[in-house]
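I set out to record what I looked up in this structure, entry by entry. The overall form of one chain comes before the sheet and helices of the other.

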Amino acid sequence: MTTTQSAAPAKTATPSTLAAAGPRIQNAVIKYGFIFVTVTLFTYFALSEPSFRDSATLLDTLRYVSVAAILGLGVTLTMAVGGMDMSVGAVAGLGVTVAAKTMVTYNQVGVVAIIAVIVAGALAGLLNALLIVVLKIPDMLATLGTMFVIQGTKLILVDGQSITPGMTQSDGTTAPGRFTEGFLRIDRGTILGIPVSVVIFGALTVVAWVFLARTRWGRVLYAIGANPEASRLAGIRVGAYRALAYVLSGVLASIGGLILAARIGQGDVSAGTSQLLEAVAVALVGTSVLGRGRPNVWGTALGAVLIGIITTGLTIKGLPYYTQDVVEGAVLILALIFSFTLSKRRTA
Amino acid sequence: MSRTRLPLAALSLASVSALFLAGCSQSTNASTDTAGDTAASASAATGTKPAPFGKGAVKVALVRQSGAGDYFEQWGNGAKAQAKALGIDLTVYDAQADNAKQATDLSSAINSGAQAIIVDHGFPSTIQPEIDKAVKKGIKVVVYDVETTTKGVISTKQDDASMAQAVLDVMGKELGKDAKVGYVNVAGYAALDKRDSVWKSTVDANGWKQAFKVGKVTDSTATDNVPLVSAALTQHSDVTGIFAPYDELAKGTVLAVQNKKLQDKVKVFGADVSNADIQNMTAADSPWVATAGTDPSAVGAAVVRTTALELAGQLNKTSVEFPAVAITQDFLKSKNIQNMDQLRAALPALNLSQVSTADWIANVAH
């Protein structure tokens with residue numbers, strides 16, 4: 001399709017112009033290649049499918065990716081310190097169960113549920129920090145372990161059952177509560193016509209960007225990711241900052257869980273599991289945006305939007321979900337080529 | 001350096017384009033095949049097509065909680081074949097058992113310009129608000145196996161109470177009174193909840209003792225239930241029968257019983273029927289002795305016909321039920337039945353060819 005055309009003229013150029021234009025085009029491809037792919041795909045779907053251009057469809061797309069995007073922001077923070085959080089999907093799922101338990105079983109109001117979910121997320125982050133910083137387990141393995149522990153804990157909390165309003169509980173009584181209207185608004189409500197979950201996604205993106213790119217803390221996180229030993233020698237409390245990254249990731253994942261809970265509107269023991277790979281994928285795709293070659297907040301947000309455009313566009317085109325998986329996987333691999341192969345060569 | 005980098009960038013862009021094209025062409029082939037099948041098996045329509053049919057394609061969205069598993073795959077194939085025969089442009093949204101995705105899928109379907117939306121399964125609290133929105137926008141909504149309170153929604157379902165009753169009658173005869181039994185089911189799915197209430201009254205009526213209840217529904221339900229049922233059987237190896245009222249649960253239960261080498265002592269009673277289920281029931285040493293079911297592809301097709309009638313303003317009712325038929329392992333073995341085609345021939349009640357039909361509808365029922 002049109003994506004090949006940008007590079008094609010250079011192939012036919014004479015050696016002398018290639019020598020002059022090559023590095024510039026090369027840099028442009030690395031820097032803007034991914035944005036170009038996104039815009040091209042968007043234009044293609046918008047021109048060929050009238051229903052894709054509809055603003056409601058676009059908002060739906062953003063609403064769909066908001067959870068993976070917010071989880072991806074957490075993954076981005078942990079990637080910045082040179083780690084990886086594999087437990088974000090499980091923490092989001094835990095959030096759905098905690099929200100359901102608080103409101104349906106204990107008949108509490110929505111605010112209590114929100115606090116309970118975020119506390120649960122922070123605790124999960126602390127558990128990760130304990131394993132990684134204090135007990136020195138490699139990040140990916142530690143968070144993989146907590147992923148299983150959290151999924152199991154979640155099922156223990158509810159006897160393996162999805163909590164539904166009015167369900168018969170294990171002691172024979174009927175569940176007294178239900179998801180409150182206010183809580184459901186986290187996903188189902190709108191602010192100025194924009195779904196609340198999309199507003200949360202936007203706000204968290206800005207906050208995370210300011211934190212990571214514009215504060216001393218953010219620069220310290222990147223410094224630790226680049227060279228933990230040098231950071232330690234420079235007097236940075238490396239352990240504390242890495243712990244901070246995991247706690248923030250847990251909190252972000254629990255906010256994703258709040259949106260999932262409001263979207264599903266009842267307990268759902270399988271919620272969140274599908275989010276892990278998408279969250280990791282958008283954070284990885286994000287590393288290629290603007291040729292940074294490192295985790296960054298805007299890249300993650302754009303990566304999520306790109307995944308959303310692909311999913312919505314291909315669904316409207318009538319392609320089954322498994323072909324979408326192939327395309328999403330191809331895009332991820334392309335992004336990784338931009339981030340690792342091409343950027344590394346540039347700096348080498 | 002720059003000489004090698006530039007081709008590499010071009011190569012990576014080219015390769016992703018190639019993958020896109022590969023994806024597109026594969027899908028085109030698949031839909032052509034479906035059209036071929038349909039043309040071969042459809043009974044021709046004779047009447048004049050009412051509006052909106054006859055003038056271009058009619059846009060319908062099918063929003064599914066999950067299209068995975070043998071039953072749902074056949075259901076989807078039946079629906080697609082019937083849509084093709086009617087000139088319906090059917091867009092399929094498959095949430096892959098991700099309930100949050102089903103909510104946004106349904107929202108996308110509403111905005112896609114579809115004239116009708118078919119909702120196949122789903123948590124009521126998740127999809128109810130979206131169904132309200134669709135009805136408010138004037139879109140015809142047909143639900144399959146979903147509890148809904150919205151006025152104007154057409155409700156279709158297999159008759160789950162009759163299905164559970166049919167297989168539990170067999171189970172009652174096989175096990176007798178006061179038996180010790182196991183149960184594999186989950187709460188929160190309308191169809192399973194209905195089978196559950198028939199189960200509870202049958203347990204009480206027969207004086208059975210329920211030794212365990214386990215089960216979960218995932219994107220690979222059969223495999224994921226094996227460890228649960230195995231664990232339950234370790235504790236309670238003295239049960240004489242297990243009721244697993246959904247075929248993916250039954251498949252997992254069968255594997256667990258076989259893993260525990262209890263197939264001579266424990267009988268499995270399932271629900272639903274498909275090619276894989278028939279293979280499973282008639283395999284040597286299978287503990288799965290009875291099921292009850294509808295033909296999933298006939299049901300998928302009947303739901304699409306119901307939608308077509310509603311779009312044409314000819315349905316004139318708000319609910320359509322598809323009755324289930326009991327099928328025993330002995331019946332399958334004695335008639336040497338190995339697949340759904342042979343079962344349809346032996347049990348004509350399965351094909352639903354008289355449900356939701358009209359002279360202008362080309363019927364894909366066998």
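Entry 1, contacts. I began with chain A: of its contacts with a separation of 6 or more, 74% join residues 24 or more positions apart. I took two residues to be in contact if their C-beta atoms, placed from the backbone, lie within 7 Å.

Entry 2, conventions. I note that this is a predicted model, in which local features need pLDDT of at least 70, side-chain atom pairs count only at pLDDT 80 or more, and totals for chains, interfaces and linings use all residues. Residues are numbered from 1 along each chain as its sequence is written, while chains are lettered from A and ligands numbered from 1 in the order in which they are written.

Entry 3, chain A overall. I found 15 helices and two strands in chain A; helices (H or I, at least four residues) and strands (E, at least two) are DSSP runs, numbered from the N terminus. The radius of gyration of chain A is 22 Å, which agrees with the value near 20 Å for a compact globule of 348 residues; this radius is taken over C-alpha atoms, and the globule rule is 2.2 Å times the number of residues to the power 0.38. Buried residues make up 52% of the 348 in chain A, where buried requires 20 or more other C-beta atoms within 10 Å of the residue's own, with C-beta atoms placed from the backbone.

Entry 4, the sheet of chain B. I traced an open, parallel sheet of six strands in the order E2-E1-E3-E4-E5-E11 in chain B; two strands pair if DSSP finds at least two bridges between them. Strands E2 (88–94) and E11 (319–322) of chain B are at the edges with a single partner strand each, so one side of each has no neighbour in the sheet. From one strand to the next, the twist averages 15°. Strand E5 (residues 154–158) of chain B pairs with E11(B) in the parallel sense over four bridges, and B:Gln158 stands opposite B:Phe322 in E11(B).

Entry 5, helix H5 of chain B. How many residues does H5(B) have? I counted 16 residues, 160–175, reaching 22 Å from first C-alpha to last. The buried residues of H5(B) include B:Asp160, B:Met163 and B:Met171. Among the elements covering the buried residues of H5(B) are E5 and helix H6 (190–206) of chain B. After H5(B) comes B:Gly176, with a positive phi near 75°.

Key: A residue is buried if 20 or more other C-beta atoms lie within 10 Å of its own, exposed if 12 or fewer, and partly exposed in between; C-beta atoms are placed from the backbone. Axes are lines fitted to C-alpha atoms, for helices over the stretch in contact, and angles run from 0 to 180 degrees between N-to-C directions. The expected span of a helix is 1.5 Å times one less than its number of residues.
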